[in-house]
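User: Please take me through one part of this model closely, beginning with the loops and going on to any enclosed space and what surrounds it. I am new to this structure, so explain each term as it comes up.

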Amino acid sequence: MTDSPVPVNIADKLSQFTDLWSQKKIADVNDYEVKLAKLKGEFVWHTHEDTDELFLVISGRLTLQLRDGDVVLGPGELYVVPRGVEHCPVADEETAILLLEPTGTLNTGDAGGPRSKAPEAL
């Protein structure tokens, strides 16, 4: 007997954690990870030289600071930061996001440092 397929409920997953700037892996798609995070405040300026990075806002408001100008996202909006583009996520209020990145992508990209964390399975 096989298990029935079970959908991932994003609201349920978001209710399971409160820590900020900590990515939680909720699914795998080929060689990519689907991750959730809650953000508030400013992160670090960084670049992902080898990959694009998809940000989808679920709740709240996210500003992606780019050297060429800011991109402001509200619920239901997404933006793909192209590979090699330096960016800094900022959330003035608590914001929930979904990220899609290749497996093993470091959250701080080339910046490294104390805020670097591997995603945790949720």
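Analyst: From two loops to the cavity

N30 sits in the loop between β1 and β2, where helices (H or I, at least four residues) and strands (E, at least two) are DSSP runs numbered from the N terminus. The model is predicted, so local features need pLDDT of at least 70 and side-chain atom pairs count only at pLDDT 80 or more, while totals for chains, interfaces and linings use all residues. Residues are numbered from 1 along each chain as its sequence is written, and side-chain values use heavy atoms, with hydrogens and water left out.

The phi angle of N30 is near 50°, a positive value in a residue other than glycine, and N30 is exposed because its relative accessibility is 75%; exposed means over 50%, buried under 20%, and partly exposed in between, with a 1.4 Å probe and protein chains only. W21, in the loop between α1 (10-14) and β1 (24-29), also has a positive phi, near 60°, but W21 counts as buried because its relative accessibility is 10%.

W21 leads to the enclosed space, since W21 is one of the residues that line the largest cavity. A cavity is a set of points on a 1 Å grid where a 1.4 Å probe fits but cannot get out, and its lining residues have an atom within 4 Å of a point. The search of the whole structure finds one cavity of 30 Å³ or more, and the largest cavity has a volume of about 120 Å³, a volume being the space filled by probe spheres set on the points. Beside W21, the lining consists of Q23, A37, L39, F43, H46, E53, F55, P89, I97, L99 and N107. Three strands, β2 (32-42), β3 (53-59) and β7 (87-102), each supply at least two residues of this lining, and the largest share, three residues, comes from β7.

Two residues of β2 help to place this lining among its neighbours. E42 belongs to strand β2 and counts as partly exposed because its relative accessibility is 44%. Although E42 and P89 are 47 residues apart in sequence, their C-alpha atoms are 6.2 Å apart in space. Not counting neighbours within four places in sequence, E42 is in contact (heavy atoms within 4.5 Å) with W21, Q65, C88, P89, V90 and R115. K35 is also placed in strand β2, but K35 is buried because its relative accessible area is 0%. The side chains of K35 and E101 are joined by a polar contact of 2.3 Å, that is, a pair of N or O atoms within 3.5 Å of which one can donate a hydrogen and the other accept it. With residues up to four places away in sequence left out, the residues that K35 touches include Q23, I97 and L99, each of which also lines the cavity.

Some lining residues return in the largest nonpolar core, a set of buried Ala, Val, Leu, Ile, Met, Phe, Trp, Tyr and Cys residues joined through side-chain atoms within 4.5 Å. Of its 15 residues, L39, F55, L62, L64, L73 and I97 touch the most other members. Two or more residues of this core come from each of β2, β3, β4 (62-66), β5 (71-73) and β7. Beyond its neighbours within four places in sequence, L73 contacts F55, V57, G60, R61, L62, L64, L78 and Y79. A second, separate core has seven residues, among them F17, V34, L36 and A96.

Conventions:
On a 1 Å grid over the protein atoms alone, a cavity is a set of points where a 1.4 Å probe fits but cannot get out, and a pocket is an open set with protein on both sides within 12 Å along at least five of seven lines; lining residues have an atom within 4 Å of a point.
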